[in-house]
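Trainee: I would like to learn how to read strand pairing, a core and salt bridges from a model. Where do we begin?

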Amino acid sequence: MSKQAAPPPDRADVPCCAPLAQRRVPAGTAAALAPAFKALGDPVRLQLMSMIASAEGGEVCVCDLTPAFDLTGPTISHHLRTLREAGLVDAERRGTWVWYRARPALLGQLAALLTVEPAG
């Protein structure tokens with residue numbers, strides 16, 4: 001029996017809301033988006049997310065991510081799994097390597113929630 005990870009939750013269908021500087025975030029939205037913010041709260045995961053989101057062609061192989069850190073492969077895999085479980089990235093195995101790509105809809109929701117309008 002093969003161990004295959006469940007697909008990450010799709011938070012793109014979570015109705016986003018007004019920026020938090022304008023109005024209180026609804027409880028359901030806060031509960032749905034909090035795991036993504038929590039996942040990005042780690043410096044290594046934030047760097048990994050940046051590398052994945054900015055990758056040329058929209059995706060990056062784990063073989064290109066691991067050498068950028070002074071961490072073991074299993075540690076990098078743990079961080080990538082956390083990003084995947086939070087719904088921030090998708091992963092696809094191709095042969096012996098796994099390729100990652102950002103989920104822009106969720107990133108857009110996080111960004112919209114943190115938008116602060118300049119004082120006018």
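**Reading the strands, the core and the charged pairs**

Mentor: Start with a single pair: Val89 has Ala102 of S3 as its bridge partner. The model is predicted.

Trainee: How many bridges join strand S2 to S3, and how do the two strands run?

Mentor: S2 covers residues 89–94, and 6 bridges join it to S3 in an antiparallel arrangement. The two strands form a hairpin with 2 residues between them, where Gly95 has a positive phi near 65°.

Trainee: Which residue of S3 is the bridge partner of Val60?

Mentor: Tyr100 is the partner of Val60. Strand S1, residues 60–61, is joined to S3 by 2 bridges, and these strands also run antiparallel.

Trainee: Which side chains of S3 are buried, and which are not?

Mentor: Read the strand residue by residue, since the side chains of S3 (residues 97–102) alternate. One face carries Val98, Tyr100 and Ala102, which are buried; Trp97, Trp99 and Arg101 point to the other face and are not buried.

Trainee: How do the strands fit into the order of elements along the protein?

Mentor: There are 5 helices and 3 strands. From the N terminus on, the order is α-α-β-α-α-β-β-α. For contacts between residues at least 6 apart in sequence, 62% join residues at least 24 apart.

Trainee: What should I look for in a core?

Mentor: The general idea is that in soluble globular proteins, nonpolar side chains tend to be buried together. Here, 35% of the 120 residues count as buried.

Trainee: Which residues of the largest nonpolar core touch the most other members?

Mentor: That core has 28 residues, and those touching the most other members are Leu48, Ile52, Leu80, Leu83, Leu88 and Tyr100. At least two core residues come from each of helix H1 (27–39), helix H2 (43–53), S1, helix H3 (62–65), helix H4 (73–85), S3 and helix H5 (104–114). H2 gives the most, with 4 residues.

Trainee: Taking Ile52, what does that residue touch?

Mentor: Leaving aside residues up to four places away in sequence, Ile52 touches Val60, Leu65, Leu80, Val89, Tyr100, Arg101 and Ala102. Two of these names return from the strand pairing: Val60 and Tyr100 are bridge partners.

Trainee: And the charged side chains?

Mentor: Side chains of opposite charge can pair when their charged atoms come close. In this structure, a search finds 6 salt bridges. One of them joins the side chains of Arg101 and Glu59, at 3.5 Å from N to O. Arg101 is in strand S3 and Glu59 in the loop between H2 and S1, so this pair ties together parts 42 residues apart in sequence.

Trainee: Where do Arg103 and Asp90 lie?

Mentor: Arg103 is in the loop between S3 and H5, whereas Asp90 is in strand S2, so their salt bridge ties together parts 13 residues apart in sequence. Their closest N and O atoms are 3.5 Å apart. Arg103 counts as buried at 15% relative accessibility, while Asp90 is partly exposed at 25%.

Trainee: Which residues do salt bridges with shared partners join into one network?

Mentor: Begin with Arg94 and Glu92, whose side chains meet in a salt bridge of 3.4 Å, N to O. Shared partners then join Glu59, Glu92, Arg94 and Arg101 into one network. For accessibility, Arg94 is partly exposed at 33%, and Glu92 is partly exposed at 32%. Arg101 is partly exposed at 25%, as is Glu59 at 23%.

Terms used:
Residues numbered from 1 in each chain as written. Predicted model: local features only at pLDDT ≥ 70, side-chain atom pairs only at ≥ 80, totals over all residues. Heavy atoms only, no water. Buried < 20%, exposed > 50% of the residue type's maximum accessible area, 1.4 Å probe, protein only. Pairing = 2+ DSSP bridges. Core = buried A, V, L, I, M, F, W, Y, C linked by side-chain atoms within 4.5 Å. Contact = heavy atoms within 4.5 Å. Salt bridge = Lys/Arg side-chain N within 4 Å of Asp/Glu carboxyl O.
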